[in-house]
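Here is a friendly walk through the empty spaces and the charged contacts of one protein model. Have the viewer open as you read.

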Amino acid sequence: MMLSITVQSFGINFLRISITLLIVFTYATAIVIPHVKHHHDVDETTISIPYPKIFQENYKSDMDFLAIGDWGSSGSGKDLVATAMKTWAENNNTLFVINVGDNFYQSNSSDYDGVLSIRDSRWKSGWLDPYRGRLAEIPWYTVAGNHDWYTNITAQIDYYWKVDQRFFFPSLYYVRVSKFGKMKTKVAWIHIDTDPFAYNYSSLDNRNSMKENLGNTRLNTTKELQEKLDWMEEQLKRVQDAKWIFVVGHHTLVGECRDQYYLPKLSPLFERYRVTAYFAGHSHTLGFEAANSTSPVTYFTTGAASKHDSEGCMGSWSAPNGTMGFLHVRIHDDEDKMYYEFINAATADLSPEIIYQGSLNVRKRHGGMT
């Protein structure tokens with residue numbers, strides 16, 4: 001099996017880049033990750049500009065991925081989840097991880113959220129050390145969570161550009177297109193930062209750096225938010241020929257959680273362009289809101305990779321209180337279904353277990369086509 005990734009230009013000026021390929025061999029599989037050299041530093045004024053190229057991926061196998069979020073705490077719970085993810089990834093030939101944010105949490109009063117720089121020791125202790133085996137060889141397609149904004153959000157994107165492009169985070173907003181299997185089934189991915197939509201800039205205080213960072217990245221006005229909505233709509237229009245369309249963000253859009261500030265603008269947009277599913281975290285639970293007669297979108301919440309909430313925004317199904325784990329997804333190119341499993345990884349001395357599983361039908365495209 002070969003994964004190859006290229007990029008297709010949107011025709012928008014951004015970073016000047018040249019591309020080479022870094023090949024990592026694992027399990028008799030050649031995983032090709034783009035190694036991009038940029039000609040000037042990433043800074044706060046550019047990270048909020050949607051990345052101007054579509055990343056193209058080609059897989060010969062079925063599509064298999066894990067989705068996790070809110071994995072930034074250290075401790076036995078995170079370790080249990082990481083171990084279970086490693087086993088699942090190796091047993092299923094998982095191709096990548098969808099990372100919905102909150103990557104580094106404050107652990108005590110003298111500690112801090114996020115990372116300070118690309119040389120922060122947390123890269124090793126919080127990401128490289130816990131996630132071993134196949135998890136250390138495949139890309140982690142990343143968006144930011146609110147805790148990532150509390151210190152130096154730019155450093156996480158800079159880490160991608162300068163240190164390790166498995167931590168796949170070229171911008172706060174970017175698009176991927178995957179083709180897989182013998183039929184080259186097309187999947188489109190829109191990765192977005194929901195934080196500016198969830199928190200009203202004028203109401204933020206100075207307890208952390210989120211307000212300052214939103215201002216520095218020019219994501220602090222309704223004009224900027226509308227421009228991002230317009231960008232999302234344009235990208236959704238571009239990928240309407242995809243069999244599956246997924247959006248990845250941090251904040252769950254289930255129940256009352258979808259009612260914050262500008263978040264209510266997102267679901268109508270996803271529904272209008274028949275997005276298959278939205279993957280998020282923030283609520284430290286596992287659950288989903290199923291597509292129904294009024295919405296074609298399924299909303300997955302997978303925010304229990306290092307901590308859990310006693311309560312979360314309720315959808316069609318939520319895992320029992322105390323559950324920690326992740327979401328596993330598989331799509332066969334010769335079927336019109338997507339299969340998913342929620343895995344409880346913190347089951348004391350027992351093996352990880354599937355606590356809920358189901359399937360989604362392929363999206364109906366505009367004009368009635370499937």
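What volume does the largest cavity have? In this predicted model, the largest cavity has a volume of about 40 Å³. A search of the whole structure turns up one cavity of 30 Å³ or more. To find its walls in your viewer, select Pro196, Tyr199, Tyr201, Leu214, Leu219, Asn220, Thr221, Leu225 and Tyr261, the residues that line the largest cavity. Sorted by class, that lining has seven nonpolar residues, two polar ones and no charged ones.

**Open pockets**

Next come the pockets. The largest pocket holds about 310 Å³ of space. Its lining is made of 16 residues, and Ala291, Pro296, Asn361, Val362 and Arg363 are the ones nearest the centre. The classes in this lining are six nonpolar, seven polar and three charged residues.

For the second largest pocket, the space comes to about 190 Å³. Here 15 residues form the lining, with Gly72, Ser73, Ser74, Ser125 and Gly126 closest to the centre. Two elements, helix H1 (76-92) and helix H2 (122-128), each give two or more residues to this lining. H2 contributes the most, with three residues. The lining of the second largest pocket divides into three nonpolar, eight polar and four charged residues.

**Salt bridges**

How many salt bridges does the structure hold? There are 15 salt bridges in the structure. Three pairs are set out here, with the distance between N and O atoms.

| Acidic residue | Basic residue | N to O distance |
|---|---|---|
| Asp111 | Arg122 | 2.7 Å |
| Asp241 | Lys186 | 2.9 Å |
| Asp205 | Arg207 | 2.9 Å |

The bridge between Asp111 and Arg122 links distant parts of the chain: Asp111 sits in the loop between strand E6 (96-99) and H2, and Arg122 sits in helix H2, eleven residues apart. Arg122 counts as buried because its relative accessibility is 10%, and the limit for buried is under 20%.

Asp241 and Lys186 form a salt bridge that also joins distant parts of the chain, 55 residues apart: Asp241 is in the loop between helix H6 (222-238) and strand E11 (244-251), and Lys186 is in strand E10 (residues 185-191). Asp241 is partly exposed, with a relative accessible area of 42%, whereas Lys186 counts as buried at 18% relative accessibility.

In the pair of Asp205 and Arg207, Asp205 is partly exposed, its relative accessible area being 36%. Arg207 counts as exposed at 71% relative accessibility.

Finally, have a look at Asp62, Asp64 and Arg330, which are linked in a network of salt bridges.

Technical notes
Residues numbered from 1 in each chain as written. Predicted model: local features only at pLDDT ≥ 70, side-chain atom pairs only at ≥ 80, totals over all residues. Heavy atoms only, no water. 1 Å grid on protein atoms, 1.4 Å probe; cavity = no way out; pocket = protein on both sides within 12 Å on 5 of 7 lines; lining within 4 Å. Points joined across faces, edges and corners; volume = space filled by probe spheres on them. Nonpolar A, V, L, I, M, F, W, Y, C, P; charged D, E, K, R; others polar. Helix = DSSP H or I, 4+ residues; strand = E, 2+ residues; numbered from the N terminus. Salt bridge = Lys/Arg side-chain N within 4 Å of Asp/Glu carboxyl O. Buried < 20%, exposed > 50% of the residue type's maximum accessible area, 1.4 Å probe, protein only.
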